[in-house]
Each structure stands twice: as structure tokens, then as C-alpha cells.
Amino acid sequence: MSDSVLEAPARPELANYVGGEWTPARSGRTYERRNPANPDEIVGEFPASGEEDVSAAVEAAANAFPAWSAMPAAARATVLMRAADAIEARVEEMAADMTREMGKPLREARLESARTAAIFRYFAGEAWRPQGELYEQSATGSTLYTLRRPLGVVGLITPWNFPAAIPAWKMAPALVYGNTVVLKLAQEAPLTGLHLAAALDETGIPEGVLNVVIGRGAEVGTPLVRHPKVRAISFTGSVAVGHQVREQATAGGKRVQLELGGHNPLIVTADADLGRAVEAAYAGAFWSAGQKCTATRRIYVEAPVYDEFRQRLLDRIHSGKVGDPTDPETEVGPLVNEKQLNDVLEAVEQGKREGGTVLAGGERIDDDSYLMAPTLFEGVADDAMLSCEEVFGPVTSLYRYTTLDEAIERANAVEFGLSAAIFTNSLTATQEFVQRAEAGLLHVNSQTAGADVHVPFGGIKGSGYGPHEQGRAALEFYTEVVTVYQDA
Ligand code: NAD
């Protein structure tokens, strides 16, 4: 902890951040993280933490809670504003480390790092917004009001695919509303999150208010979810782990929020601007190598323009830049690790076995890195695995449809409901889509991915559980309401 914002940001320590100190795992154990674009390169040796580290972090957060929650919200906001400045001063460094540790192409890594500062600024502004409602008691006319209060220690569990934005959009609201935090970063991408911890440390945040612990899900996530002093868990990640986290958290009487996977459709009507629709399909399906919960997994194109759309998308795939993620021109970089690559390649094989045709890609394109070619299927049955299950890589499928009613029905026929998009010039089609599409995030004439900081983000159906994140929705999760009957 220090009292001034650094002008030249330091590299974060490759350690946990507990009680205001950079500390190794108490067991002394570490693990190596390698660069997915060059697996011979070791990005760093990080703590392989365990239950003892989680306990120390939760104790530090619990001790810090009374003073932090008693501060005026505007004073907490000052910390967030300074954090935004400190993040902005290190955007390039953070983006470069993000690219190195999880392979996100630099141009997207820069945007994500910069957005993180905006998230802190937005939530700093929450300090000046209403945190309750004023009424009148019906019998006497005396004062009656609601008051939102922080919960206490909150546990945040984050995935590797947005290693800056997701920790930030959980941490910033948790802190501004007066909670103290234990953040578990994903094992595959801890370095980016440590930049956030370093930026917060530079603000002079009181010790114990933010704690960051790195390690495996079972060894860090589970003890965090089970810890009796943790009041709430905000989790983003896969469906299987999310459901386990929900069971454990609710069994312990905790509040829980889940942001899970998606299987996001894009509908293209015959009157749409096909050029823009093709760009959106390419970006939605393949940027970040398709490793976004909001990536486009299914593209439904109206029959009269199907052949033209198909050809234009294939042309776009062939002209897209795939390769070295540190090149600012690169659009599609490697998958995060070898297991992920093998899982996606296996899913492609299953897609073929189930009758799908590969129009482009379908294979690994570099023996040294985890690069996979952008992959386009057609002829995939609506009940085939590729049409129903999330394959977390650069793989998408084309489907031909006849009526909008049919397209929306097929788009909705999955367990997920995170994001959905339509490209159309028809107001009627827009209205129909907005009323009926089963997803928490709807895009008209834009790609399925993308999230603004000041509006709710989250899925419905199997994609989410509990209040949404970001915007004013975050208030719901990170505070609890008490009702005050106040007579003079
Ligand atoms: P994951 O579920 O494997 O891991 C997420 C986090 O949970 C990691 O920090 C992991 O270490 C931790 N974890 C693992 N096992 C745990 C356990 N038993 N108890 C507690 N924590 C545990 O997910 P991932 O592979 O890191 O991320 C990819 C997934 O995340 C995809 O399914 C993607 O769709 C989803 N995702 C969803 C959103 C959203 O907002 N809806 C955003 C990004 C990613």
C-alpha cells in the first residue's frame, strides 16, 4: 500500500495480494503459466494457493469491513477514481500482458484494458446516486424509507477470457457500495488481474479492503464459496462449475450470482445490409478466437440471401488476419491452452460425424502455438451438438430459414439465453425479435458481443442466475435493503 498514485506504473508482483501485502502461497507452492502463442515462453510463476490463503484473505477483508463501510461513499469513490487513473497509466502494459498470458489479440486487449478504467469511473459515480427510497407511514405520515447497506465480505470468482473487464465489473461496484472483497483470479490469466490489484494498491486503498488470491478452482474457489464469513459469491464461468458453486453457496445461506455460457444466435433477414451483417458475423464468431460468452455460435440467414451471405462470409474468413496476437493487425489469435484447443478440435470432429459440413477451417494451423483456423459449418442439424452446446472456440454454423417466426423459434431452441442479434432494415422484424428473442442482451444491427458499462449485463434461461451485473443492476446484488420506520 502507498499513499500516492504512481506516475510510472510498476509491474505487479507475481503474488497474492492479501491484507495490503504481496504474499506467496502459504504452502510455498507455485505453478507456471505459458504463453499460448509460444508455449516455450513462461509468462510467470504464480502462487498455487489453497485454503489457508483464502482464510487469511477472508479474515483481512472481514477486519477491513467496519471502517471501509463506515466511510462516506464519496470517499470510497475517490479510491475508484484514482484506480481508474492508475489503470489508464498502465493500459499498454496490461494489454501486452493480457495478450501474452491468454492470447487475446493486442487490439482487443487494449480496448478491454481501457474499458476497465471506464468501469471504475462509472462505479465511482454510484456514490452520488440514490441508495434508498423515501415514503410516508400510512397511519401517521411519519418517515418511512428504505436503505441499501453493503453485505460485508464478498467473494468474486472470475474466468480467464476477460481477465481485466470481469474482475473490474465485479470489484468496482462491490467496493463503492462498501463491501470488502476477496477476488479469485482464473489460473490461466492471473497477470492481468494483478495489474488491477497493483493499480488499487497505488491508490492507497486501506489494507484488507481488496484481496486477490490465485490458484486452482477446487483449491481456492471452493474454500472461498464455503467460508462462513463470505456473505455473497459472484461467479462468471462455465455452466458445470457455476451450478456447483450455486449449490455450495446457497447451502451456506449465501447470496449468489452466476454469469455462465451462451449459444448466441445472429439472424440475417433478406433486406439487411449484408456487408455489415458479414462483418458482425465474422467479429462475433472469431474475434478473441471465439472465446467469449457472447460469441456468435449460430447464424440464421433468410433463404433468398443465403448463398450470397455464405460466399461473402467465406471471402471475409479468407481475408481475415489470423496469427501472432501481438501484431496489432491480427484479428484471430490462439486458443488459451492445449486442452481448450483439443476440446474444440474434438467438437469439430463430432460436428462432422453428426452430418455437418466444414466450409472453412476446422483444423489447427500452427504446430508451435494453439492457433486454430476460423471454422464455418453448414448443414448442422438443429439437434446436433454444435447447434446446442457451447464450443468455446472459433467455430460457428450457418442455417437457412424461410420465415422470421421460424428463425426466432430455432434461435430460442437452446438452454442458453445470453445474447442474440438481428440484422434487418424492417421495423416489424425488429419489434418481433425484441419481443420474442430469449436472451438477456439483444442487438439490432450489431454483433452479439459487446457490453457497455452503464447498463445491465447478463443472461436469462441457463445463462445466468440472480441479478445482472453492471449498470444500476449491480446495486441489487452488492447491497441489501432494510426498511426504516422512523417516528420523531
Ligand atoms: P470455469 O468455470 O472453468 O472457471 C471459472 C472460474 O471458476 C475460474 O476462476 C476457476 O478457477 C473457478 N473454479 C473452477 N472450479 C471451481 C470450483 N469447484 N469452485 C469454485 N470455483 C471454481 O470457466 P472458464 O473456462 O474460466 O471460462 C469460460 C466459461 O466462462 C465459458 O463457459 C464462458 O461462456 C463463460 N463466461 C461467461 C460470461 C458471462 O458473463 N456470462 C463471461 C465470460 C465467460
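Which residue is the bridge partner of Glu136 in β6? In this predicted model, that partner is Thr143. From here we can widen the view to the strands themselves: β5 pairs with strand β6, residues 143–150, in the antiparallel sense, and three bridges join the two.

This pair belongs to an open sheet of three strands, ordered β5-β6-β20 and paired antiparallel. The edges are taken by β5 (134–136) and β20 (479–486); each has a single partner strand, so one side of each is left without a neighbour in the sheet. Going from one strand to the next, the twist averages 25°.

Let us turn next to a pair of helices. Helix α7 (residues 217–226) and helix α8 (residues 239–251) have axes that come within 8 Å and cross at roughly 30°. Because angles under 35 degrees count as roughly parallel, α7 and α8 are described as roughly parallel to each other. On the α7 side, the contact is made by Thr222, Val225 and Arg226, while α8 brings Val245, Gln248 and Ala249. Sorted by class, the residues in this contact are three nonpolar, two polar and one charged.

Our last stop is a single residue, Asp97, which you will find in helix α3 (residues 91–102). Asp97 has a relative accessibility of 3%; since buried means under 20%, Asp97 counts as buried. Leaving aside residues up to four places away in sequence, Asp97 touches Arg11, Leu191, Thr192 and His195. For a further bearing, take Ala15: Asp97 and Ala15 are 82 residues apart in sequence, and their C-alpha atoms are 15 Å apart in space.

Key:
Residues are numbered from 1 along each chain as its sequence is written. This is a predicted model: local features need pLDDT of at least 70, side-chain atom pairs count only at pLDDT 80 or more; totals for chains, interfaces and linings use all residues. Side-chain values use heavy atoms; hydrogens and water are left out. Helices (H or I, at least four residues) and strands (E, at least two) are DSSP runs, numbered from the N terminus. Buried means under 20% relative accessible area, exposed over 50%, partly exposed in between (1.4 Å probe, protein chains only). Contact means heavy atoms within 4.5 Å. Axes are lines fitted to C-alpha atoms, for helices over the stretch in contact, and angles run from 0 to 180 degrees between N-to-C directions. Angles under 35 degrees count as roughly parallel, over 145 as roughly antiparallel, 65 to 115 as roughly perpendicular and the rest as oblique. Ala, Val, Leu, Ile, Met, Phe, Trp, Tyr, Cys and Pro count as nonpolar, Asp, Glu, Lys and Arg as charged, and the others, Gly among them, as polar. Two strands pair if DSSP finds at least two bridges between them.
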